[in-house]
Amino acid sequence: MRQPQIIDRSRDQAFMQMALDLAAQGAALGEVPVGAVLVQHGEVIGRGFNCPISGSDPSAHAEMVAIRAAAQAASNYRLPGSTLYVTLEPCSMCAGLIVHSRIARVVYGALEPKAGVVQSQGQFFTQGFLNHRVLFEGGVLAEACGSILSEFFKARRARS
Ligand SMILES: [Zn+2]
């Protein structure tokens with residue numbers, strides 16, 4: 001059974017807004033706008049936006065960038081008690097990394113119907129083989145997180 005946990009909604013929204021601001025930075029570089037922040041002990045210790053094109057790095061998803069930065073900042077390959085805020089439902093690569101990082105909770109904004117594995121394409125974090133349980137919650141600032149993506153794709157279509 002999951003431990004009940006006190007969730008501070010306005011705090012979640014404030015951190016998600018930071019992730020959204022990072023997503024906008026990515027969009028300005030022509031990257032699909034997804035942003036993430038990693039919070040531990042109430043402090044942001046990692047930030048990232050999706051940047052596989054500019055970094056020539058297929059693993060440079062927002063979550064990956066934020067988690068790498070946070071682990072470096074914490075000088076720890078595990079991030080216990082931390083919360084990851086990401087504007088889009090994580091993919092299978094990032095969900096795996098979240099478990100490896102021992103992140104306690106993941107909060108995401110918009111659904112990713114094609115590649116999201118938290119609720120859209122299966123429920124990764126509830127798989128029995130995992131040795132670490134991650135709490136997860138979607139739908140925080142979902143509309144803003146989704147519209148920055150749809151606006152980006154609309155503008156890109158208009159240009160081509
Ligand atoms: Zn990913």
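Here a colleague asks a modeller how some descriptions of this predicted model were reached.

Colleague: How do you know that the protein chain agrees with a compact globule?

Modeller: We compare two values. With 160 residues, a compact globule would have a radius of gyration near 15 Å. The protein chain has 15 Å, so it agrees with that expectation. Its C-alpha trace spans about 50 × 30 × 30 Å along the principal axes.

Colleague: Which elements make up the protein chain, and in what order do they run?

Modeller: Starting at the N terminus, the order is α-β-β-α-β-α-β-β-α. That gives four helices and five strands.

Colleague: What makes β2 and β5 edge strands?

Modeller: Look at the sheet order first. The five strands form an open sheet, arranged β2-β1-β3-β4-β5, with mixed pairing. Strands β2 (43-49) and β5 (135-137) each pair on one side only, and they are the edge strands. From one strand to the next, the twist averages 15°.

Colleague: How do you know that β1 and β2 pair?

Modeller: Two strands pair if there are at least two bridges between them. Strand β1, residues 35-40, and β2 have six bridges, in the antiparallel sense, so by the cut-off of at least two they count as paired. You can find one spot by eye: leucine 38 stands opposite glycine 46 in β2.

Colleague: Which helix lies across β3 and β4?

Modeller: That is helix α4, residues 142-159. It lies across β3 (83-88) and β4 (105-110), and it runs at about 60° to β4.

Colleague: What makes a residue part of the lining of the largest pocket?

Modeller: A lining residue has an atom within 4 Å of a pocket point. Among the residues that line the largest pocket are Val32, Asn50, His61, Glu63, Cys91 and Glu112. The space in this pocket is about 210 Å³.

Colleague: How many residues of each class are in that lining?

Modeller: The lining of the largest pocket has seven nonpolar, two polar and three charged residues. Val and Cys count as nonpolar, while Glu counts as charged. So Val32 and Cys91 fall in the nonpolar class, and Glu63 and Glu112 in the charged one.

Technical notes. Residues numbered from 1 in each chain as written. Predicted model: local features only at pLDDT ≥ 70, side-chain atom pairs only at ≥ 80, totals over all residues. Heavy atoms only, no water. 1 Å grid on protein atoms, 1.4 Å probe; cavity = no way out; pocket = protein on both sides within 12 Å on 5 of 7 lines; lining within 4 Å. Points joined across faces, edges and corners; volume = space filled by probe spheres on them. Axes fitted to C-alpha atoms, helices over the stretch in contact; angles between N-to-C directions. Contact = heavy atoms within 4.5 Å. Rg over C-alpha atoms; globule rule 2.2 N^0.38 Å.
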